[in-house]
Structures are given as structure tokens and as C-alpha cells.
Amino acid sequence: MKKVQDFKVLGYRRLNKDNYILTLIGEEDIPRIWPGNFAEIKVPDSPDVFLRRPISVLDADYEKKTISFYIKAVGKGTLKLGRLSVGQKVNIVYPLGNHFVVGQQQKVLIVGGGSGIAPFISLGRELKSRNIDTTFLIGARTKEDVFLTGEFARYGRVELTTEDGSMGEKGLVTDHKVFSGTFDFDKVYTCGPDPMMKAVAKIAGAKGVDCEASLENMMACGIGACLCCVSPTKEGNKLVCAEGPVFNTKDLLW
Amino acid sequence: MVDLKVDIGGLELKNPVTTASGTFGFGEEFTDFVDLGLLGGIFVKGLTLKHREGNHYPRMAETASGMLNAVGLQNKGIDYFIDTIYPRIKTFDTEIFPNINGSVVEDYIKVAEKVNDIDGINALELNISCPNVKEGGMAFGVSCPSAVAVTEAVRNVFDGLLIVKLSPNVTDITEIAKGVEGAGADAVSLVNTFLGMAVDAQSRKPVLSTITGGLSGPAIKPIALRMVWQVYNAVKIPVLGIGGIMNATDAIEFMLAGSTAIQIGTANFIDPQVSMKVIDGIEDYCHENNISAIGDLVGAMEV
């Protein structure tokens, strides 16, 4: 069940100049949030930010009634969300969208790039709880942009690439050695920049492995009413907010 | 006890608060947030004769106090609405208004005929003002002869309440309003979105795939209010006010300017529960101002 709820800012964890984790605390019970779900956050006290901002849920604590978001400040909305005061009221609509599907896999590969890593803490936890062997492959520009690897390590192996070679293998995620030689994964999950996801989906497709990708588009409502956030699929335009954000890549026109 | 009921050309709504076409889906999208049975009515997403994929992404741009959209009437066609969607939503205890669109008069007629045959539908909204479809829509609404022609054509095949949704992208909206009134419209709703544009300075490209789109939100409210006031004074049929209504005060302003009922549009994207808050706020306003019947507010602006 989706809901509109007021939270308060509990605090921030600053990852670097532009990247931060915002944690909110509320008084009501938090509905079940699945890996890949997102929230529409109203930027408080900011009349110049008219629309809500769709942000993937990083994690939630149902006991403590907290919810956290990994946010990269890229525009006025995400900049302002990084400058709130502790205790400030924040209104969110959540949980929105579909989620990654966890089935009867044995061994999965998660490929995340940039702020696309957000859904993968909760997905990793879900996979570990089902004893599914998980490898996280995280791509970043430089070592300064590599975050949350400690959290991922709790749920599986962590492999890294950086474009400048300052951490992990040098190059793009698709250059990483997991894609060469034996590829014995039976599912790939990916989230990040479109070119990265397309390249990952192409490799997975060529190897005959099922692949799910979480897309990001500009949204207004987030609940399937405005029809602004469409992505073309083999079955026509689909709503990233309500029919996604997670799509099986075989259904996309990639 | 405040009497919130309003009468639009013989059709009674339980209150003046309805939701605008294209901003509230088919109502179902909001069932987690809103008791739909409390609404005066729902104007459902625009329908066309055939399935439409709509325009390419990007279809939306945030602007100062508003947004541009260029959805382009994406919908699965009138038959899909009748066979699949309407059976699901007809149980909602509120008035369902189909919003119909076409690129030629014959399409409008065919869709209106089908709507006329739906049990339980008492009214339709004839959209002659969509700015995002090349071949039609707004083309009808910006010229008086074509607005009259399509209204007459639909009037001939539709027995229920006919509401014509007007475009603000005209020199004199009262001319169009008087024209459709003469052609048999029972009410007019205004305004649809204003034709606008957004440019990305970095890429030097338009933000929308269609270059231009329709502007909505509080940015357009003063212009919409002015047009409602002008049309209210020009025609005898009821006016449904639309344009940047974000709260009960905005809704009351539209009623004072001459709206018998109002449609909430873009605000549904910001707060999916806004329609409930507007109903409550209107009731509070009436209590505070000793107004026993909401109809007393219509056109009651003192000049």
C-alpha cells in the first residue's frame, strides 16, 4: 500500500562533496519496501522546486521507523535535499514502482554504476537471506566515487572498476574479468547510467542469462497518472514509475 | 451543515471538486491515497478512437511554479476503456467523465457515439484544446467555426451533458465559449494548458521531444482566473474552472470568479491527497463565512 507520510531528518552521512545518504525518521509503521522501490520526495520549504524528486530507497529499518536514500546532488532539488536541518519535516510518497525479482537463482551478478548502486544493499540482503551466491561489480570514475563497498561485502564478493584505475580494475565495468572466461551466473541485476546498463544487458543477452535493469527517467507524479516518464518497450511505451522502474532487458528496445 | 452539492446543467455533483483529465489517470491510480467516493467527479485520461502511443520521451519539463507536458494523448482507445477500464471504475461512487479527443470530426463523432452507449455515463468532456497532438485537438479549439462544428457534431450523437474543454491559446476565449454554447454545449471547462517551451542552455536543445508543450500549475492561475471570469460573464451555461488550483483557497477564488465546479490538475502530482484537502477546506471556508450553500459563491466576486 502506497502512502503519503511526513518524516523528519534524522541525519546525513556525507560520502564525498556531491554524494550523501539522507536518513529520515517517522512515527508511523513503514510499509514493506522491496529492492528497487523508490519514493517521491517533496523538497521542503523550496517553492522553486515544484515537483517531487523520485529517489530510490537505499534502506529502511522497520523497528526504528527510519528510511534512507543515497542521493547524488545533480540539480537544485537534490542539492537542497542535501542541506536540510536535523528535525526538518520531509514529506514523501512511497513505496513506489515495481522491484527486482528474486527467483530460484544459484549465482547472481549485480552491476552498479554511479548512483545506480542504491537498490543493491537491500537486494544483496534479500539474496543472502536465500543463500544465493552474489557478486557485486561496482563501477566508478575514480576511487573517490566508490561508496558503500563495506555494506556490499556483507552480502557477497565485491569487484571494482574505476575509469582511471585508482581502485580495482582499470576501465569500465564491462571490461572487468567477470565477463571474460567462464560466466556461470544465472541472473544479472543492473542499475546505473543507460550506456552501462545497455552494455551489461547485451553481454547477459549474448550469454543467455536473464537480466533486469532499473531505469531512471524524469517523472512528475510517480504513481502512473501523468504518463510523462515512459520508456519504449517491445510492447509500446511503458511507465517507468508504475510499470517499472525495473524491466527485464529482453522487453526493452536495447 | 454546508450544502456542497452543485448543479452543472442538470447534473448534480456531490461537491464542486473534480479532478482534471490527464492528471488523475482513471482514478484507480489514487485509491491508496483518496476516498474516490468523496469526489464530485473524475475526468478520466483523454480517450481517442484508436490506441495512441503518445509522443516520445522526454515529455515533461519542470518550470517555475509549474510544468510543461507533451504526453500526446497516450491511451489504449475508447473500446479498451469501455471493455476493460470502465467495468473496473464504474463502481466508484462518483461521477465519471470521459474526456474525448480526435483528429477529425468523424473520430469525435464515433467516440461520442460509443460513450453515449455506456450505461452509467451521464456526461462527457469534449476536448478541443490538447496542444500536444499535431493533427488535431487544439486545432479545433482555436478557431470559432471549427469549435462550433465539432461541438454540433458531438451534440447530435450524445444525449448526456456535454462539457466542452476550451483552449486558452486564443485571442478572445469568450468568442469560442459563445460559439460552443450556441452549438449545444451544456457547460464549458477552462482552461486547458498554455502552449509553452523549455530550452536546455547546456545542450542548446529543446527539453521536450515535441519542442513545445502545455504549461500547467500555479504559474497559469491568474490567467485562468481572468478567462473564467470573462467566460462567466459571456455565457449562460455553467463554467468549470481549471488552472493551477493547489488548495481550497484557489478553488474558492475560481468559484468567486464564476466557476460552478472546479478541476484539480497538476496539484495531484505534488500531493495525491490534495483533492480531499480541497473539499475539506471549502467546507471550512463556508462554515467560517456562514455560507449554507456552496452555489452562493459562484460568481460572487464583488466588483
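1. Let's start with a yardstick: a residue is called buried when its relative accessible area is under 20%, exposed when it is over 50%, and partly exposed in between. Keep in mind as you read that this is a predicted model.

2. Try the yardstick on M197(B), a residue of strand β12 (residues 194-197) in chain B. Its relative accessibility is 52%, so M197(B) counts as exposed. It also has company out there: together with V199(B) and I211(B), M197(B) makes up a nonpolar surface patch, and the three share about 300 Å² of accessible area.

3. Now for the opposite case. F50(A) sits in a loop of chain A, between β3 (38-42) and β4 (53-61). With 6% relative accessibility, F50(A) counts as buried, because the limit is under 20%.

4. What does F50(A) touch, apart from its neighbours within four places in sequence? The list has K42(A) and, from chain B, residues including E62(B), M67(B), P218(B), M246(B) and I270(B). Have a look at A220(A) too: it is 170 residues away from F50(A) along the chain, yet their C-alpha atoms are 9.6 Å apart.

5. Over in chain B, check out helix α7 (residues 248-256), where the buried residues are A248(B), D250(B), A251(B), I252(B), F254(B) and M255(B). Their cover includes α6 (221-234), β16 (239-242), β17 (259-264) and α9 (274-288) of chain B.

6. Don't skip the two ends of α7(B). At its start, N247(B) has a side-chain oxygen within 3.2 Å of the backbone nitrogen of T249(B). After the helix comes G258(B), with a positive phi near 125°.

Key: Residues numbered from 1 in each chain as written. Chains lettered and ligands numbered in written order. Predicted model: local features only at pLDDT ≥ 70, side-chain atom pairs only at ≥ 80, totals over all residues. Heavy atoms only, no water. Patch = residues over 30% accessible without salt bridge, like charges linked within 9 Å, V, L, I, M, F, W, Y side chains within 5 Å. Areas by Shrake-Rupley, 256 points an atom, 1.4 Å probe, with all protein chains shown as cover. Salt bridge = Lys/Arg side-chain N within 4 Å of Asp/Glu carboxyl O. Helix = DSSP H or I, 4+ residues; strand = E, 2+ residues; numbered from the N terminus. Buried < 20%, exposed > 50% of the residue type's maximum accessible area, 1.4 Å probe, protein only. Contact = heavy atoms within 4.5 Å. Polar contact = N/O pair within 3.5 Å; in protein donor to acceptor, adjacent residues only side chain to side chain.
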